[in-house]
Amino acid sequence: MTIRVIIVDDQAMVRAGFAALLAAQSDIDVVGEAPNGKLGVEVSRSTHPDVVLMDVRMPEMDGLAAARALLNPPPGVVHLPKVLMLTTFDVDDYVYEALRAGASGFLLKDAPPADLISAVRVVASGEALLAPSVTRRLIADFAKQRQAPRQDQSLRLNGLTPRETEVLVLIARGLSNQEIAERLVLAEQTVKTHIGRVLNKLGLRDRAQAVIFSYESGLVTPGEQ
(Lines give C-alpha, C1' and ligand atoms only; values in the text may rest on other atoms or scores of the structure.)
Protein backbone atom coordinates (compact mmCIF):
# COMPACT_ATOMS: atom_id res chain seq x y z
CA MET A 1 0.00 0.00 0.00
CA THR A 2 1.39 3.39 -1.02
CA ILE A 3 1.51 6.15 1.60
CA ARG A 4 0.24 9.46 0.24
CA VAL A 5 2.10 12.47 1.68
CA ILE A 6 1.95 16.25 1.37
CA ILE A 7 4.65 18.63 2.62
CA VAL A 8 3.71 21.98 4.16
CA ASP A 9 6.69 24.26 4.82
CA ASP A 10 7.47 27.87 3.98
CA GLN A 11 11.00 27.04 2.80
CA ALA A 12 11.05 25.88 -0.82
CA MET A 13 14.37 24.06 -0.42
CA VAL A 14 13.05 22.10 2.55
CA ARG A 15 9.97 21.06 0.60
CA ALA A 16 12.05 20.05 -2.40
CA GLY A 17 14.54 18.09 -0.31
CA PHE A 18 11.88 16.22 1.64
CA ALA A 19 9.88 15.54 -1.51
CA ALA A 20 12.88 14.09 -3.35
CA LEU A 21 13.81 11.90 -0.41
CA LEU A 22 10.31 10.55 0.15
CA ALA A 23 9.42 10.13 -3.53
CA ALA A 24 12.46 7.87 -3.93
CA GLN A 25 10.79 5.33 -1.64
CA SER A 26 8.72 2.67 -3.38
CA ASP A 27 5.96 2.82 -0.77
CA ILE A 28 5.63 6.62 -0.50
CA ASP A 29 3.99 9.01 -2.97
CA VAL A 30 4.30 12.80 -2.53
CA VAL A 31 0.96 14.11 -3.80
CA GLY A 32 1.28 17.81 -2.99
CA GLU A 33 3.01 20.63 -1.16
CA ALA A 34 2.23 24.08 0.20
CA PRO A 35 4.18 27.11 1.52
CA ASN A 36 1.84 27.93 4.41
CA GLY A 37 -0.81 26.39 6.62
CA LYS A 38 -3.77 27.91 4.81
CA LEU A 39 -2.78 26.42 1.47
CA GLY A 40 -1.73 23.24 3.24
CA VAL A 41 -5.27 22.71 4.47
CA GLU A 42 -6.62 23.32 0.97
CA VAL A 43 -4.13 20.91 -0.62
CA SER A 44 -4.89 18.26 1.99
CA ARG A 45 -8.62 18.49 1.40
CA SER A 46 -8.17 18.14 -2.35
CA THR A 47 -5.55 15.36 -2.37
CA HIS A 48 -6.60 13.33 0.70
CA PRO A 49 -3.10 12.38 1.91
CA ASP A 50 -2.41 9.74 4.53
CA VAL A 51 0.24 11.90 6.19
CA VAL A 52 0.79 15.66 6.29
CA LEU A 53 4.30 16.85 7.13
CA MET A 54 3.55 20.18 8.80
CA ASP A 55 6.06 22.88 9.70
CA VAL A 56 5.30 24.64 12.98
CA ARG A 57 6.10 28.25 12.08
CA MET A 58 4.75 29.57 8.79
CA PRO A 59 3.14 32.78 7.47
CA GLU A 60 -0.61 33.30 6.94
CA MET A 61 -1.53 30.24 9.03
CA ASP A 62 0.96 28.48 11.27
CA GLY A 63 1.25 24.73 11.62
CA LEU A 64 -0.72 24.61 14.84
CA ALA A 65 -3.76 26.34 13.36
CA ALA A 66 -3.51 24.21 10.23
CA ALA A 67 -3.27 20.99 12.27
CA ARG A 68 -6.39 21.99 14.21
CA ALA A 69 -8.23 22.71 10.98
CA LEU A 70 -7.30 19.32 9.52
CA LEU A 71 -7.92 17.25 12.64
CA ASN A 72 -11.11 19.00 13.74
CA PRO A 73 -12.74 19.77 10.39
CA PRO A 74 -16.13 21.40 9.83
CA PRO A 75 -19.22 19.27 9.20
CA GLY A 76 -19.12 17.54 5.85
CA VAL A 77 -15.36 17.05 5.79
CA VAL A 78 -14.66 13.40 6.54
CA HIS A 79 -11.00 12.99 5.62
CA LEU A 80 -8.67 13.04 8.63
CA PRO A 81 -4.99 12.71 7.71
CA LYS A 82 -2.24 11.91 10.15
CA VAL A 83 -0.27 15.07 10.95
CA LEU A 84 3.45 14.95 11.69
CA MET A 85 4.82 18.26 12.94
CA LEU A 86 8.22 19.48 11.79
CA THR A 87 10.16 21.71 14.15
CA THR A 88 13.61 23.17 14.71
CA PHE A 89 13.34 22.80 18.48
CA ASP A 90 12.81 19.55 20.38
CA VAL A 91 10.70 21.17 23.12
CA ASP A 92 8.24 23.74 21.90
CA ASP A 93 4.87 24.90 23.21
CA TYR A 94 3.49 24.93 19.67
CA VAL A 95 4.36 21.24 19.37
CA TYR A 96 2.65 20.45 22.66
CA GLU A 97 -0.53 22.20 21.58
CA ALA A 98 -0.38 20.40 18.24
CA LEU A 99 -0.25 17.07 20.06
CA ARG A 100 -3.25 18.10 22.13
CA ALA A 101 -5.06 18.99 18.90
CA GLY A 102 -4.48 15.48 17.61
CA ALA A 103 -1.15 15.54 15.76
CA SER A 104 0.52 12.13 15.74
CA GLY A 105 3.94 13.37 16.81
CA PHE A 106 6.80 15.54 15.73
CA LEU A 107 10.17 15.32 14.05
CA LEU A 108 13.18 17.63 14.18
CA LYS A 109 13.99 19.18 10.81
CA ASP A 110 17.64 18.23 11.15
CA ALA A 111 16.88 14.56 11.79
CA PRO A 112 18.73 12.06 9.56
CA PRO A 113 16.98 11.20 6.26
CA ALA A 114 16.30 7.65 7.45
CA ASP A 115 14.42 9.06 10.46
CA LEU A 116 12.12 11.10 8.22
CA ILE A 117 11.28 8.08 6.08
CA SER A 118 10.70 5.94 9.16
CA ALA A 119 8.56 8.66 10.77
CA VAL A 120 6.22 8.81 7.79
CA ARG A 121 5.77 5.04 7.85
CA VAL A 122 5.24 4.93 11.62
CA VAL A 123 2.62 7.67 11.59
CA ALA A 124 0.86 6.23 8.54
CA SER A 125 0.53 2.89 10.34
CA GLY A 126 -1.44 4.58 13.11
CA GLU A 127 1.31 4.85 15.71
CA ALA A 128 2.37 8.09 17.38
CA LEU A 129 5.92 9.31 16.90
CA LEU A 130 7.10 10.19 20.39
CA ALA A 131 10.58 9.14 21.41
CA PRO A 132 10.60 8.15 25.10
CA SER A 133 13.17 10.77 26.10
CA VAL A 134 11.32 13.51 24.26
CA THR A 135 8.01 12.36 25.74
CA ARG A 136 9.37 12.80 29.25
CA ARG A 137 10.80 16.24 28.54
CA LEU A 138 7.98 17.65 26.47
CA ILE A 139 4.94 16.53 28.42
CA ALA A 140 6.40 16.83 31.90
CA ASP A 141 7.69 20.32 31.20
CA PHE A 142 4.29 21.62 30.19
CA ALA A 143 2.32 19.56 32.69
CA LYS A 144 4.14 21.45 35.45
CA GLN A 145 2.51 24.61 34.23
CA ARG A 146 -1.00 23.23 34.20
CA GLN A 147 -3.61 23.67 36.89
CA ALA A 148 -5.43 20.99 38.91
CA PRO A 149 -6.46 17.77 37.12
CA ARG A 150 -9.60 18.06 35.06
CA GLN A 151 -12.40 16.19 36.83
CA ASP A 152 -14.12 15.09 33.62
CA GLN A 153 -10.97 13.31 32.53
CA SER A 154 -10.36 11.80 35.94
CA LEU A 155 -13.83 10.22 35.86
CA ARG A 156 -13.11 8.65 32.46
CA LEU A 157 -10.28 6.67 34.07
CA ASN A 158 -12.89 4.68 36.02
CA GLY A 159 -13.72 2.73 32.87
CA LEU A 160 -10.25 1.20 32.64
CA THR A 161 -9.25 -2.13 34.16
CA PRO A 162 -6.30 -2.13 36.60
CA ARG A 163 -4.03 -3.57 33.89
CA GLU A 164 -5.12 -0.97 31.34
CA THR A 165 -4.46 1.77 33.88
CA GLU A 166 -1.02 0.32 34.52
CA VAL A 167 -0.25 0.31 30.82
CA LEU A 168 -1.44 3.91 30.46
CA VAL A 169 0.85 5.03 33.27
CA LEU A 170 3.84 3.42 31.58
CA ILE A 171 2.95 5.03 28.24
CA ALA A 172 2.87 8.41 29.98
CA ARG A 173 6.29 7.78 31.49
CA GLY A 174 7.68 7.37 28.02
CA LEU A 175 8.15 3.61 27.80
CA SER A 176 7.97 1.92 24.41
CA ASN A 177 5.74 -1.10 23.79
CA GLN A 178 8.74 -3.39 24.17
CA GLU A 179 9.75 -1.75 27.46
CA ILE A 180 6.18 -2.02 28.78
CA ALA A 181 6.10 -5.70 27.81
CA GLU A 182 9.34 -6.33 29.69
CA ARG A 183 8.20 -4.36 32.75
CA LEU A 184 4.87 -6.19 32.99
CA VAL A 185 6.17 -9.55 31.73
CA LEU A 186 3.72 -9.60 28.82
CA ALA A 187 3.96 -10.33 25.11
CA GLU A 188 4.41 -7.17 23.06
CA GLN A 189 1.26 -8.00 21.10
CA THR A 190 -0.67 -8.16 24.38
CA VAL A 191 0.59 -4.69 25.23
CA LYS A 192 -0.61 -3.42 21.85
CA THR A 193 -4.03 -4.93 22.55
CA HIS A 194 -4.21 -3.18 25.93
CA ILE A 195 -3.20 0.13 24.36
CA GLY A 196 -5.89 -0.23 21.71
CA ARG A 197 -8.52 -0.79 24.39
CA VAL A 198 -7.28 2.18 26.42
CA LEU A 199 -7.51 4.48 23.41
CA ASN A 200 -10.97 3.19 22.53
CA LYS A 201 -12.37 3.52 26.07
CA LEU A 202 -10.97 7.03 26.56
CA GLY A 203 -11.88 8.23 23.08
CA LEU A 204 -8.28 9.10 22.24
CA ARG A 205 -6.78 9.18 18.77
CA ASP A 206 -3.33 7.79 19.49
CA ARG A 207 -0.45 7.37 21.92
CA ALA A 208 0.38 11.08 21.87
CA GLN A 209 -3.04 12.02 23.20
CA ALA A 210 -2.84 9.19 25.74
CA VAL A 211 0.30 10.72 27.23
CA ILE A 212 -1.27 14.16 27.49
CA PHE A 213 -4.50 12.73 28.91
CA SER A 214 -2.52 10.97 31.65
CA TYR A 215 -1.04 14.24 32.86
CA GLU A 216 -4.18 16.33 32.49
CA SER A 217 -6.29 13.78 34.35
CA GLY A 218 -3.81 13.62 37.24
CA LEU A 219 -3.06 9.91 36.68
CA VAL A 220 0.61 10.82 36.33
CA THR A 221 2.33 13.87 37.77
CA PRO A 222 5.62 15.44 36.70
CA GLY A 223 8.66 14.01 38.44
CA GLU A 224 7.14 10.57 39.09
CA GLN A 225 9.30 7.57 38.25
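This is a short guided tour of the structure above, one selection at a time.

**Before you start**

The model is predicted, so treat it as such: local features need pLDDT of at least 70 and side-chain atom pairs count only at pLDDT 80 or more, while totals for chains, interfaces and linings use all residues. Residues are numbered from 1 along each chain as its sequence is written, and side-chain values use heavy atoms, with hydrogens and water left out.

**The whole chain**

Show the chain as a cartoon to begin with. There are eleven helices and five strands; helices (H or I, at least four residues) and strands (E, at least two) are DSSP runs, numbered from the N terminus. Of the 225 residues, 46% count as buried, where buried means under 20% relative accessible area, exposed over 50%, and partly exposed in between (1.4 Å probe, protein chains only). Among contacts with a separation of 6 or more, 68% are between residues 24 or more positions apart; a contact means heavy atoms within 4.5 Å.

**Stop 1: strand β1 and its neighbours**

Select β1, residues 3-8. Five of its six residues are buried, so the strand is largely enclosed by the rest of the structure. Now add β2 (28-34). β1 and β2 run parallel and are joined by six bridges; two strands pair if DSSP finds at least two bridges between them. To see one such link, pick valine 5, whose bridge partner in β2 is valine 30. Follow the chain from β1 through α1 to β2, and you trace a right-handed β-α-β crossover. Right-handed here means that, with the strands pointing away from the viewer, the path from the first strand over the helix to the second runs clockwise.

Next add β3 (51-55). This strand also runs parallel to β1, with four bridges between them. Valine 8 is the residue to click here, as its bridge partner in β3 is methionine 54.

**Stop 2: glycine 40**

Move to helix α2 (residues 37-47) and select glycine 40. Is glycine 40 buried or exposed? At 0% relative accessibility, it counts as buried. Not counting residues up to four places away in sequence, glycine 40 touches Ile6, Val8 and Ala34. You can also draw a distance to alanine 67: the two residues are 27 apart along the chain, and their C-alpha atoms are separated by 9.4 Å.

**Stop 3: helix α5**

Select residues 113-124, the twelve residues of helix α5. From first C-alpha to last, α5 reaches 17 Å, close to the 16 Å expected at 1.5 Å a residue; the expected span is 1.5 Å times one less than the number of residues. Which residues of α5 are buried? Colour Leu116, Ile117, Ala119, Val120 and Val123 to find them. Look down the axis of α5 and these buried residues fall within an arc of 155°, so they line one face of the helix. The arc is that of the directions from the helix axis to the C-beta atoms. What covers them includes β1, α1 (12-23), β2, β3, β4 (82-87) and β5 (105-108). Just after α5 comes glycine 126, with a positive phi near 105°.

**Stop 4: glutamine 25**

While α5 is on screen, select glutamine 25 in the loop between α1 and β2. Leaving aside residues up to four places away in sequence, glutamine 25 touches Ile117 and Arg121. Its side chain also reaches the backbone oxygen of leucine 21 at 3.1 Å.

**Stop 5: two unusual backbone angles**

Most residues other than glycine have a negative phi. Glutamate 60, in the loop between β3 and α3 (63-71), has a positive phi of about 70° although it is not a glycine. At 68% relative accessibility, glutamate 60 counts as exposed. Then jump to valine 185, in the loop between α9 (177-184) and α10 (188-202). Its phi is positive too, near 55°, and at 72% relative accessibility valine 185 counts as exposed.

**Stop 6: helices α8 and α11**

Select helix α8 (residues 162-172), whose buried residues are Glu164, Val167, Leu168, Val169, Leu170, Ile171 and Ala172. Glycine 174 follows α8 and has a positive phi near 90°. To finish, add tyrosine 215 in helix α11 (residues 207-216). Tyrosine 215 is buried, with a relative accessible area of 13%. Where is alanine 172 from there? The two residues are 43 apart in sequence and 7.6 Å apart in space, C-alpha to C-alpha.

Key:
Polar contact = N/O pair within 3.5 Å; in protein donor to acceptor, adjacent residues only side chain to side chain.
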